[in-house]
Amino acid sequence: MTQQVPSTEPELAGVRNFRDVGGLPTVDGRRVRHGVLFRSGHLAHATAADAAFLSSLGLHTVFDFRNAADQRLEGPDVELPGVRNVNLPLTDPADGAEFWKMVRDGDVDQLRSVLSDGRAADRMASSYRTIIRERTDEHGRVLHALAEDSVPALMHCAAGKDRAGLSIAVTLLAVGVERAAIEADYLESNAAHRRYKVHRSSTSPDAMSAEVMELLSPLFDARAEYLAAAFDTIEQTWGDTDTYLTQGLGLAPVTRERLRERLLD
């Protein structure tokens with residue numbers, strides 16, 4: 001009989017896309033330990049019950065990858081007693097502010113002009129490439145912190161899909177998790193109960209029409225092609241994953257081994 005692992009995925013009322021990353025297999029036959037690495041959307045709207053559950057996880061650190069514009073829109077994370085909150089924006093506060101205003105407020109003609117004919121998906125893939133190339137300092141800081149003392153840890157952005165998804169993927173690469181398992185975990189953000197709720201300011205019937213939703217869909221999907229763009233950027237920029245981790249993120253072999261001790265069974 002298969003041993004049942006206690007559930008760490010409750011029905012959180014105010015936090016989307018929460019899950020424990022435990023159980024994923026590594027290329028050398030180990031698995032990510034349960035209860036040490038979690039991911040989610042933002043914690044700004046966590047209810048008292050949500051906060052009580054999160055507090056029960058024994059978290060050391062919450063890594064918040066949102067920028068100042070996100071925090072103005074959604075609010076700060078709820079405070080969890082005894083838990084360190086580290087804000088490491090993975091996009092510039094002004095980056096895309098007008099774009100996301102258009103997503104919320106634009107009419108269908110504006111959305112067509114910016115998002116149709118594959119442009120929305122191209123924008124997403126490009127943002128993944130940029131984060132991998134330009135945010136090496138931030139990813140390096142996260143991995144060094146995890147190796148030292150910052151577990152159990154929770155990583156989140158706004159939806160818990162892109163910036164947190166990439167940071168989780170980089171962490172899993174660093175401890176040798178299989179690429180297919182990294183992708184499978186990433187794609188779980190597409191489940192209906194996990195997806196970020198699209199907010200449109202207009203109350204007109206057309207504001208959330210089928211065409212509008214189709215135009216916006218690439219922005220709110222987790223797509224294998226986006227993660228592939230990130231992995232391809234690692235290969236194109238550094239040649240291979242090991243060089244990316246050592247030269248790009250500054251991880252010495254001893255740090256990677258400490259990470260594996262912290263995160264793997």
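What does the accessible surface of the chain come to, and what percentage of it belongs to carbon and sulfur atoms? In this predicted model, the accessible surface amounts to about 12,300 Å², and 50% of that area belongs to carbon and sulfur atoms.

**Figure 1. Overview of the chain in the predicted model.** The chain contains twelve helices and five strands. Of its 265 residues, 52% are buried. Among contacts between residues at least 6 apart in sequence, 76% join residues at least 24 apart.

**Figure 2. Close-up of the stacked pair formed by Phe18 and Phe38.** Six aromatic pairs are counted in the model. In the pair shown here, the ring centres of Phe18 and Phe38 lie 5.7 Å apart and the ring planes meet at 15 degrees, so the arrangement is classed as stacked, the cut-off for that class being under 30 degrees. Phe18 belongs to the segment before strand 1 (19–20), whereas Phe38 is part of strand 2 (residues 37–40). The pair thereby links distant parts of the chain, with the two positions 20 residues apart in numbering. Phe18 and Phe38 are both buried.

**Figure 3. Close-up of the edge-to-face pair formed by Phe18 and Phe53.** The centre-to-centre distance between the rings of Phe18 and Phe53 is 5.7 Å, and the angle between their planes is 85 degrees. Phe18 lies in the segment before strand 1 and Phe53 in helix 1 (residues 48–55), so this pair ties together parts of the chain that are 35 residues apart in sequence. Both Phe18 and Phe53 are buried. Together, Phe18, Phe38 and Phe53 make up one aromatic cluster.

**Figure 4. Close-up of helix 1, with its buried and exposed residues.** The buried residues of helix 1 are Asp50, Ala51, Phe53 and Leu54. Viewed down the helix axis, these buried residues fall within an arc of 160 degrees, and therefore they line one face of helix 1. The packing partner of the buried residues of helix 1 is strand 5 (153–156). On the face turned away from the buried side, helix 1 carries the exposed residues Ala48 and Ala49.

**Figure 5. Close-up of Arg179 over the face of Phe231.** Arg179 is positioned over the ring face of Phe231, at a distance of 4.3 Å from the ring centre.

Conventions. Residues numbered from 1 in each chain as written. Predicted model: local features only at pLDDT ≥ 70, side-chain atom pairs only at ≥ 80, totals over all residues. Heavy atoms only, no water. Phe/Tyr/Trp six-rings, centres within 6.5 Å; stacked < 30°, edge-to-face > 60°. Helix = DSSP H or I, 4+ residues; strand = E, 2+ residues; numbered from the N terminus. Buried < 20%, exposed > 50% of the residue type's maximum accessible area, 1.4 Å probe, protein only. Lys NZ or Arg CZ within 6 Å of the ring centre and 35° of its normal. Arc of directions from axis to C-beta. Contact = heavy atoms within 4.5 Å. Areas by Shrake-Rupley, 256 points an atom, 1.4 Å probe, with all protein chains shown as cover.
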